[in-house]
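Colleague: Could you take me through this protein step by step? I would like the reasoning as well as the results.

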Amino acid sequence: MSDIIDFEALLEQKLGERSRRIPRFVIRYLRKILHIDALNDIIQKSNGLTGWRFAQFALQYLNIEIVVKGLENLPSYNRLIFVSNHPLGGPDGLALASVFGKEYNDNIVMPVNDFLMMVKPLCPLFIPINKVGGQSRNLPGIINSIMASDSNIIIFPSGSCSRKINGRIQDRQWTKTFVRSSIENRRDVVPIHFFGRNSSRFYFLDRLQKFFGIKFSIPMLYLVDEMFRHKGEQFRFVIGKPISYTNFDDTKTQVQWASYVRDSVYELM
């Protein structure tokens, strides 16, 4: 089956000759924490589902229930920017994609790390972004192209999964990109507050990485494992009222507007 994840081939594609120097026990460990066999089981049992339908099936497979509040706030028109906090790094993205993909008749995309393209049934939802490779120089053009399209877009403006900051699970500072894009492309912004947290291990690894000054994001390596740890749980998210692009005027800088929307998201209950 062509959609099945061939992990060894993926490593060779990403690392080239260097992949052959990775010890077999390391590859076995990576396969385990990335749950490659379980992901392939989901793909096989989904019977060819793709996009938001596959996202919905994956959540059902994991017995993860999503409760949504504020559906009445969703605009009937398109070209929206959905901005959300990012507490989980997996189920939250699947949940937003499954709900908004259904509500807007498949017209939804989401910029993601290009490594996630290994899950091929989700590719119709994804715009692959490589922040560290050669593509990084072209990121502004890629983002502009997405924003100029007719697609609705889901964005996590923090750029990464939430961390424990000042004793609270929350996003880092949001980037201003979505504000600038909203103004330039006349796209209204729909704020989302997703409730949830990862395991204590995830935040411990984050502290460990910072303590030793390691550049590679160790916690991100465990996000798939975190998703499987959430089996059988219930999460909810709240949809706020849309913010017109005309609201982002000169009374605040774009950075201040991004911070304002971030604060507004955390006030949604």
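What follows is a set of questions and answers on a predicted model.

Colleague: How many helices and strands does the protein have?

Modeller: The model is predicted, so everything here is computed from it. Counting both kinds of element along the chain gives eleven helices and nine strands.

Colleague: What is the radius of gyration of the protein, and what would a compact globule have?

Modeller: The C-alpha atoms fill a box of roughly 55 × 45 × 35 Å along the principal axes. For 269 residues, a compact globule would have a radius of gyration near 18 Å. The protein agrees with that, at 19 Å.

Colleague: What share of the contacts with a separation of 6 or more is between residues 24 or more positions apart?

Modeller: A contact here means heavy atoms within 4.5 Å. One example of a distant pair is isoleucine 155 and valine 83, which are 72 residues apart along the chain, with C-alpha atoms separated by 5.0 Å. Over the protein, pairs 24 or more positions apart make up 76% of the contacts with a separation of 6 or more.

Colleague: Is isoleucine 155 buried or exposed?

Modeller: Isoleucine 155 lies in strand 5, residues 152–155. Leaving aside neighbours within four places in sequence, its contacts include Ile81, Phe82, Val83 and Met147. The cut-off for buried is under 20% relative accessible area. At 16%, isoleucine 155 counts as buried.

Colleague: How far apart are the end C-alpha atoms of helix 5?

Modeller: Helix 5 covers residues 91–103, which is 13 residues. At 1.5 Å a residue, the helix should span 18 Å. The computed distance agrees with this: the end C-alpha atoms are 18 Å apart.

Colleague: How many residues of helix 5 are buried?

Modeller: The buried residues of helix 5 include Pro91, Asp92, Leu94, Phe100 and Gly101. The helix is mostly covered, and of its 13 residues the number buried is eleven.

Colleague: Which residue with a positive phi follows helix 5?

Modeller: Most residues other than glycine have a negative phi. The residue in question has a phi near 50 degrees, and it is asparagine 105.

Colleague: Where is asparagine 47, and what is its relative accessible area?

Modeller: Asparagine 47 has a positive phi of about 55 degrees although it is not a glycine. Its place is in the loop between helix 3 (36–45) and helix 4 (51–61). Exposed means over 50% relative accessible area. Asparagine 47 is exposed, at 69%.

Colleague: What is the relative accessible area of arginine 186?

Modeller: Arginine 186 is not a glycine, yet its phi is positive, at about 55 degrees. The residue sits in the loop between helix 7 (177–185) and strand 8 (189–195). Arginine 186 counts as exposed, with a relative accessible area of 62%.

Colleague: Is arginine 163 buried or exposed?

Modeller: Arginine 163 belongs to strand 6, residues 163–165. Leaving aside neighbours within four places in sequence, its contacts include Arg168, Phe202, Tyr203, Asp206 and Met220. With a relative accessibility of 2%, arginine 163 counts as buried.

Colleague: Which residue has its backbone oxygen 2.7 Å from a polar atom of the side chain of arginine 163?

Modeller: The cut-off for a polar contact is 3.5 Å between N or O atoms. The distance here is 2.7 Å, and the backbone oxygen belongs to cysteine 161.

Notes. Residues numbered from 1 in each chain as written. Predicted model: local features only at pLDDT ≥ 70, side-chain atom pairs only at ≥ 80, totals over all residues. Heavy atoms only, no water. Helix = DSSP H or I, 4+ residues; strand = E, 2+ residues; numbered from the N terminus. Expected span 1.5 Å × (residues − 1). Buried < 20%, exposed > 50% of the residue type's maximum accessible area, 1.4 Å probe, protein only. Polar contact = N/O pair within 3.5 Å; in protein donor to acceptor, adjacent residues only side chain to side chain. Rg over C-alpha atoms; globule rule 2.2 N^0.38 Å.
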